Amino acid sequence: MQPKQLTTLVATVVEDFGGLDILVTCAGIFTGGMIGEIHLEDYRTTMAVKVDAIFVTTQELNYLPDGGRIINIGSVLGERATAAGMSPYNASKFAVAGLTRSWAKDLGPRNILVNAIQPGPFATEMNRFDGRKGDFMRSQTALGRYARPEEIAAVALFLAGPGASYITGATFNVDGGGTLKEPRMRSFDEIFAL
């Protein structure tokens with residue numbers, strides 16, 4: 001999606017619904033590879049989808065009232081690198097966490113709260129949960145399982161509600177305790193060959 005399309009999308013939502021109080025940003029794409037093997041265009045595509053789209057959408061803040069909420073969906077891989085060959089993905093998720101923290105400072109005077117949810121493994125088309133890869137990914141969590149989508153959504157609902165009125169600039173790891181475990185280092189190729 002191009003920047004103009006994103007701003008048009010936001011304007012359409014505001015017009016159709018009479019405003020926008022809560023913005024949840026979430027976009028998915030994966031590009032990996034070892035340094036020296038990554039094509040610049042693949043890196044740029046990853047950053048455009050995962051970082052630039054969030055930036056463009058959030059930049060148009062005239063639609064968000066004082067007291068609004070921004071909830072960015074990142075990844076626990078925005079906190080640490082767990083495998084070789086994932087630098088574009090990791091860089092994009094570190095950027096989401098950085099934008100979240102910076103925007104919390106920028107928007108604090110308007111009481112707009114900006115937080116990020118950093119999921120661990122959960123089943124999507126990009127992140128299959130069956131076979132040896134799924135077994136490996138589950139072994140990286142303290143709970144030994146993938147997250148269910150409703151468990152991620154529950155954190156978003158909390159951050160959108162009145163109980164989160166004094167939380168801003170925070171990142172919430174919803175990863176089944178994955179960041180508590182020392183990762184078993186594998187390369188990108190090893191993980192995706194599973």
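The radius of gyration used here is taken over C-alpha atoms, and the globule rule it is set against is 2.2 Å times the number of residues to the power 0.38. For a compact globule of 194 residues that rule gives a radius near 16 Å, and the chain, at 17 Å, agrees.

This is a predicted model, in which local features need pLDDT of at least 70 and side-chain atom pairs count only at pLDDT 80 or more, while totals for chains, interfaces and linings use all residues. Residues are numbered from 1 along each chain as its sequence is written, and side-chain values use heavy atoms, with hydrogens and water left out.

**Whole chain**

Show the C-alpha trace first; along its principal axes it spans about 50 × 40 × 30 Å. Switch to a cartoon and there are 6 helices and 6 strands (DSSP runs numbered from the N terminus: H or I of at least four residues for helices, E of at least two for strands). Their order along the sequence is α-β-α-β-β-α-β-α-α-β-β-α.

Add a surface. The chain exposes about 10,500 Å², and 58% of this comes from carbon and sulfur atoms (Shrake-Rupley method with a 1.4 Å probe; for residues, only the protein chains shown count as cover). Of the 194 residues, 41% count as buried. Buried means under 20% relative accessible area, exposed over 50%, and partly exposed in between, with a 1.4 Å probe and protein chains only. Among contacts (heavy atoms within 4.5 Å) between residues at least 6 apart in sequence, 74% join residues at least 24 apart.

**Helix H1 and strand E1**

Select residues 3-17, which are helix H1. Its 15 residues reach 21 Å from first C-alpha to last, close to the 21 Å expected at 1.5 Å a residue; the expected span is 1.5 Å times one less than the number of residues. Just after H1, pick Gly 18, which takes a positive phi of about 80°.

Go on to E1 and show side chains. Leu 23 and Thr 25 point to one face and are buried, whereas Ile 22 and Val 24 point to the other and are not. Now add strand E2, residues 69-73: E1 pairs with E2 in the parallel sense over 4 bridges (two strands pair if DSSP finds at least two bridges between them). At Ile 22, the residue standing opposite in E2 is Arg 69.

**Aromatic pairs**

How many aromatic pairs does a search of the whole structure find? There are 2. Rings of Phe, Tyr and Trp (its six-membered ring) pair if their centres lie within 6.5 Å; planes under 30 degrees apart count as stacked, over 60 as edge-to-face and the rest as tilted.

Select Phe 30 and Tyr 89: the ring centres are 5.3 Å apart and the planes are at 45°, so this pair is tilted. Phe 30 sits in the loop between E1 (22-25) and helix H2 (40-59), and Tyr 89 in helix H3 (residues 87-107), 59 residues apart. Phe 30 is partly exposed at 25% relative accessible area, while Tyr 89 is buried at 12%.

Next take Phe 55 and Trp 103, also a tilted pair, 6.5 Å centre to centre with 35° between the planes. Because Phe 55 lies in H2 and Trp 103 in H3, the pair ties together parts 48 residues apart in sequence. Phe 55 is partly exposed at 37%; Trp 103 is buried at 9%.

**Ser 92**

Stay on helix H3 and select Ser 92. Is Ser 92 buried or exposed? Its relative accessible area is 0%, so Ser 92 is buried. Leaving aside neighbours within four places in sequence, Ser 92 is in contact with Thr 46, Met 47, Lys 50 and Val 51.
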